Amino acid sequence: LALVGAPAAALAGAGATAVVALAAPAALAVLAMNPALVARSVARRRRRRADPSLDFLRVGLAGAALVLALAVATLVSDAPRLAPALGFVAVWGWAGMIAHGMLVRIVPFLVWFHRFSPLAGHVPVPSMRALLPDRRVRVAFALHVGAVVATTTGALLEVGPLVRLGGASLALAALALTANLVHTLGRRAPSLAPTSA
């Protein structure tokens, strides 16, 4: 309803207050209710083994709450530094963080499923987690979190060098993600020896 109502109100010339009021339920659902439900599901999962992809998810869920707080602050304040911080947290601290975590979880699964699962039981195959070691994922995670913290703090405090440091950290996080995906996609399955008739 908000996706239809808010743009329709804006196109009809309604004021900003009406548009925000129509968009608010969707914002609360996406930025508060959904993260709370996902966090509860993660906390209740049966498998308690540490998984670095879940670190991305947890930080991304916290990022959603920060997006909501910054959005409200941006609406009630005319401080120009809030909008850049809101944009960066929304893209990289929430959506980008969760997407990064999903990629380092889903790509190894797909590679293992398509290249290694048909060979399981016939030849030794690596585990899915072995395709992308946790230490590589943790480096990318640290760079990504560092980028969000540095850039958001720098934007809010209007400290240019801190924003540039965050940008450099984000670039390194992107390179680390690329290297991790290339590493995983490059893993080749052993060939089955032909059986003698």
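1. Let's start with the second largest pocket, which holds about 150 Å³ of space. Keep in mind that this is a predicted model. The residues around that pocket are V20, A24, A27, L28, L31, V67, L68, A71, V72, L75 and L86. By class, the lining of this pocket has 11 nonpolar residues, with no polar and no charged ones. Two helices, α2 (16-43) and α3, each put at least two residues into the lining of this second largest pocket.

2. Now for the largest pocket, where the space comes to about 240 Å³. It has 14 lining residues, and those closest to its centre are D51, R105, M128, R129 and D134. Which elements give two or more residues to this lining? They are α3 (52-76), α4 (82-116), α5 (128-131) and α6 (134-157). The biggest giver is α4, which supplies 3 residues to the lining of the largest pocket.

3. A word on the chemistry of the two linings. For the largest pocket, the split is 6 nonpolar, 1 polar and 7 charged residues. For the second largest pocket, the count of charged residues is no charged at all, and the 11 residues listed by class are nonpolar. If you are looking at the charged side of things, D51, R105, R129 and D134 are among the residues closest to the centre of the largest pocket.

4. On to the helix packing, with α3 and α4 up front. Their axes come within 8 Å and cross at roughly 160°. At that angle, α3 counts as roughly antiparallel to α4. The crossing of α3 past α4 is left-handed. In the contact between α3 and α4, you'll find 20 nonpolar, 7 polar and 1 charged residues.

5. Next, α3 against α6. How far apart are the axes of α3 and α6, and at what angle do these helices pack? The axes are 10 Å apart and the angle is about 15°. These two helices are therefore roughly parallel to each other. Here too the crossing is a left-handed one, with α3 passing α6. On the α3 side, the contact uses P52, D55, F56, V59 and L70, and these meet D134, V137, R138, A140, F141, H144, V145 and L156 in α6. The contact of α3 with α6 breaks down into 9 nonpolar, 1 polar and 3 charged residues.

6. D55 deserves a closer look. This residue sits in helix α3 and takes part in the contact with α6. What does D55 contact once its neighbours within four places in sequence are left aside? The partners are R138 and F141. As for M97, 42 residues away from D55 along the chain, the C-alpha atoms of the pair are separated by 9.4 Å.

7. Last, α6 with helix α7 (residues 160-185). This pair packs at an angle of about 160°, and the axes are 7 Å apart. That puts α6 roughly antiparallel to α7. The crossing of α6 past α7 is left-handed. From α6, the contact draws on R136, V137, A140, L143, H144, G146, A147, A150, T151, T153, G154 and A155, while α7 brings L162, V163, G166, G167, S169, L170, L172, A173, A176, A179, N180 and H183. Sorted by class, the residues of this α6 and α7 contact are 13 nonpolar, 10 polar and 1 charged.

Key: Residues are numbered from 1 along each chain as its sequence is written. This is a predicted model: local features need pLDDT of at least 70, side-chain atom pairs count only at pLDDT 80 or more; totals for chains, interfaces and linings use all residues. Side-chain values use heavy atoms; hydrogens and water are left out. On a 1 Å grid over the protein atoms alone, a cavity is a set of points where a 1.4 Å probe fits but cannot get out, and a pocket is an open set with protein on both sides within 12 Å along at least five of seven lines; lining residues have an atom within 4 Å of a point. Grid points are joined across faces, edges and corners, and a volume is the space filled by probe spheres set on the points. Helices (H or I, at least four residues) and strands (E, at least two) are DSSP runs, numbered from the N terminus. Ala, Val, Leu, Ile, Met, Phe, Trp, Tyr, Cys and Pro count as nonpolar, Asp, Glu, Lys and Arg as charged, and the others, Gly among them, as polar. Axes are lines fitted to C-alpha atoms, for helices over the stretch in contact, and angles run from 0 to 180 degrees between N-to-C directions. Angles under 35 degrees count as roughly parallel, over 145 as roughly antiparallel, 65 to 115 as roughly perpendicular and the rest as oblique. A crossing is left-handed if the near helix is turned anticlockwise from the far one by less than a right angle, and right-handed if clockwise. Contact means heavy atoms within 4.5 Å.
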